[in-house]
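Here are my notes from a look through this model. Have the coordinates open as you read; I've kept the points short.

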Amino acid sequence: MEDFASDTDSDYTSYWRDWFISSRGNEYFCEIDEDYLTDRFNLTGLNTEVQYYQYALDLVTDVFDMEVDDEMREQIEKAARHLYGLVHARYIVTTRGLAKMMEKYKQGIFGKCPRVICESQHLLPMGQHDVSSHSQVKLYCAKCEDIYNPKSSRHNSIDGAYFGTSFHNILFQVYPALMPQKTQRRYEPRIYGFRVHASAALMRWQEERREELKMRLRGKGMETGFEEEDDEGEEEVSEEVEVEGEEDGIDDMFEGQMQAVQ
């Protein structure tokens, strides 16, 4: 709003969408085509969810020419942002919308995964609910298949419903080449180079379940989605056997020291 404080009302209404998209904190949004916004079918049901719906729609489509006081304009502006967000959730699962969001994804506009092992994998915005005012937007990593909070407080205040619960999955269905391979690498807690016993046992169990899943997928002629790390996995197994023997020796050493102290 500050950028338009000195502009006339006509200038303001002529560039509302340009202003909204270029405003700090709105980088996650793509520009919705005007023909999509003016097609009433795409707006079905939104009139019951948005206060001052018609005024808000007029503002978003740059035809608002009504003179109102500052308080009323603020209310209409708030409604327009909410309306744009709800329409945005519908638009980004269309062919045009997916293409625009795909370009943002490739450029890393939505940020990179904070998990070190994901090696700066690009993220996608998503919502945990399709109904507004339930939760804020989250960022999804397709490599570790986990979600994260945005770093910026501006982004962290965006309603997750403006992106929906399906967009990120649909994008990878339409553009399968963008789907990164899953990694088998994980952080292993160690003390002086030796695996922590409880964590090592849990990781062995998880690895066994993962291998069972991969074998079932291969048996059905399906891609596992994991990186080619089988050779590394075999090396880790052999190392694990050696380490387990060393761990037993370490345990005996500590037990002997404890008995000597007593």
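How many aromatic pairs does the structure hold? That's where I'd start.

1. The count comes to 13 aromatic pairs, bearing in mind that this is a predicted model. Trp16 and Tyr84 make one that is tilted, with 55° between the planes and 6.0 Å centre to centre.

2. That pair ties together distant parts of the chain: Trp16 sits in helix 2 (residues 16–22) and Tyr84 in helix 5 (residues 70–91), 68 residues apart. Are the two partners buried or exposed? Trp16 has 0% relative accessibility, so it counts as buried. Tyr84 is buried as well, with a relative accessible area of 1%.

3. Now zoom out a bit. Trp16 and Tyr84 belong to one aromatic cluster, whose members also include Trp19, Phe20, Tyr28 and Phe29. Phe110, Tyr162 and Phe163 are in that cluster too.

4. On to the sheet. It is open, has three strands in the order 1-2-3, and its pairing is antiparallel. Strand 1 (123–126) and strand 3 (146–148) are at the edges with a single partner strand each, so each has one side without a neighbour in the sheet. On average, neighbouring strands are turned by 40° against each other, direction ignored.

5. For a closer look at the pairing, take strand 2 (residues 138–141), which meets strand 3 in the antiparallel sense over three bridges. Which residue in strand 3 is the bridge partner of Tyr140? Ile147.

6. Last, check helix 8 (residues 167–174): it lies across strand 1 and strand 2, and runs at about 135° to strand 1.

Conventions
Residues are numbered from 1 along each chain as its sequence is written. This is a predicted model: local features need pLDDT of at least 70, side-chain atom pairs count only at pLDDT 80 or more; totals for chains, interfaces and linings use all residues. Side-chain values use heavy atoms; hydrogens and water are left out. Rings of Phe, Tyr and Trp (its six-membered ring) pair if their centres lie within 6.5 Å; planes under 30 degrees apart count as stacked, over 60 as edge-to-face and the rest as tilted. Helices (H or I, at least four residues) and strands (E, at least two) are DSSP runs, numbered from the N terminus. Buried means under 20% relative accessible area, exposed over 50%, partly exposed in between (1.4 Å probe, protein chains only). Two strands pair if DSSP finds at least two bridges between them. Axes are lines fitted to C-alpha atoms, for helices over the stretch in contact, and angles run from 0 to 180 degrees between N-to-C directions. Contact means heavy atoms within 4.5 Å.
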